[in-house]
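Visitor: Could you take me through this model, with the cut-offs behind each term?

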Amino acid sequence: MDCIFCKIIAGEIPCFKLHEDDETLAFMDINPANEGHALVIPKEHSTDVHAISESAIAATVLTAKKIASAIQETLGPDGINLVQCNGPGAAQSVLHFHMHVLPRREGDELKLNWGLKPGDMDAIGALAERVRAKL
Ligand code: AMP
Ligand code: ZN
């Protein structure tokens, strides 16, 4: 399979490894949006949040927590985003599920924050009902 993250797991492509266990691997992003930008991936290949198994996503989130704490201690950022993209509309560029651990600095102006604009409560309530029906 032509998956760059599977190749990193297999050791065919190098990475700046932070952590490895039976289910996950964490390494530095080589195109960092900010200093300390890291990635956490499950070893089990799946493309996105829809395809990943419950055990793989659970393991990935636990490792992301571990990495976030280490980055917090190392760099002391003002905040950390845990970001995860699915599909072209969300700008997913690598089709192997991954979580970004993204340190933030006040005023860094990374385009992740959409601000707070009150929504239409009737529309929000109606949509919540439609989503609940699918759970
Ligand atoms: P996304 O756009 O959410 O799919 O994120 C994919 C991320 O993988 C990007 O931030 C890339 O910089 C990163 N990336 C791609 N190839 C590598 C690599 N070989 N080593 C480390 N990070 C990579
Ligand atoms: Zn893969």
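The questions below concern a metal site, a core and some salt bridges.

Guide: This is a predicted model, in which local features need pLDDT of at least 70 and side-chain atom pairs count only at pLDDT 80 or more, whereas totals for chains, interfaces and linings use all residues. Residues are numbered from 1 along each chain as its sequence is written, chains are lettered from A and ligands numbered from 1 in the order in which they are written, and side-chain values use heavy atoms, with hydrogens and water left out.

Visitor: Which arrangement do the 4 donor atoms around the zinc ion (ligand 2) make?

Guide: Donors are N, O and S atoms within 2.8 Å of the metal (3.2 Å for Na, K and Ca), and since water is not among the atoms, sites may look incomplete. Here Cys3 (SG), Cys6 (SG), His45 (ND1) and His96 (ND1) coordinate the zinc ion at 2.0 to 2.3 Å. Four donors count as tetrahedral if all angles lie between 85 and 135 degrees. Because the 4 donor atoms subtend angles of 101 to 117 degrees, the arrangement is tetrahedral.

Visitor: Is Cys3 buried or exposed?

Guide: Buried means under 20% relative accessible area, exposed over 50%, and partly exposed in between (1.4 Å probe, protein chains only). His45, at 28% relative accessibility, counts as partly exposed. Cys3 has a relative accessible area of 6%, and therefore counts as buried.

Visitor: Which element gives the largest share of the largest nonpolar core?

Guide: A nonpolar core is a set of buried Ala, Val, Leu, Ile, Met, Phe, Trp, Tyr and Cys residues joined through side-chain atoms within 4.5 Å, and the largest one has 12 residues, including Ile52, Ile67 and Phe97. Helices (H or I, at least four residues) and strands (E, at least two) are DSSP runs, numbered from the N terminus; those giving two or more residues to this core are β3 (38-42), α2 (54-75) and β5 (99-104). The largest share, 5 residues, comes from α2.

Visitor: Which residues are linked with Lys17 in a network of salt bridges?

Guide: A salt bridge is a side-chain nitrogen of Lys or Arg within 4 Å of a carboxyl oxygen of Asp or Glu, and by this rule the count comes to 4. One of them joins the side chains of Glu20 and Lys43 at 2.8 Å, N to O, linking strand β1 (residues 17-20) with the loop between β3 and α2, 23 residues apart. The residues linked with Lys17 in the network are Glu20 and Lys43.

Terms used
Four donors count as tetrahedral if all angles lie between 85 and 135 degrees; four count as square planar and six as octahedral if opposite donors are over 155 degrees apart and all others between 65 and 115; anything else is irregular.
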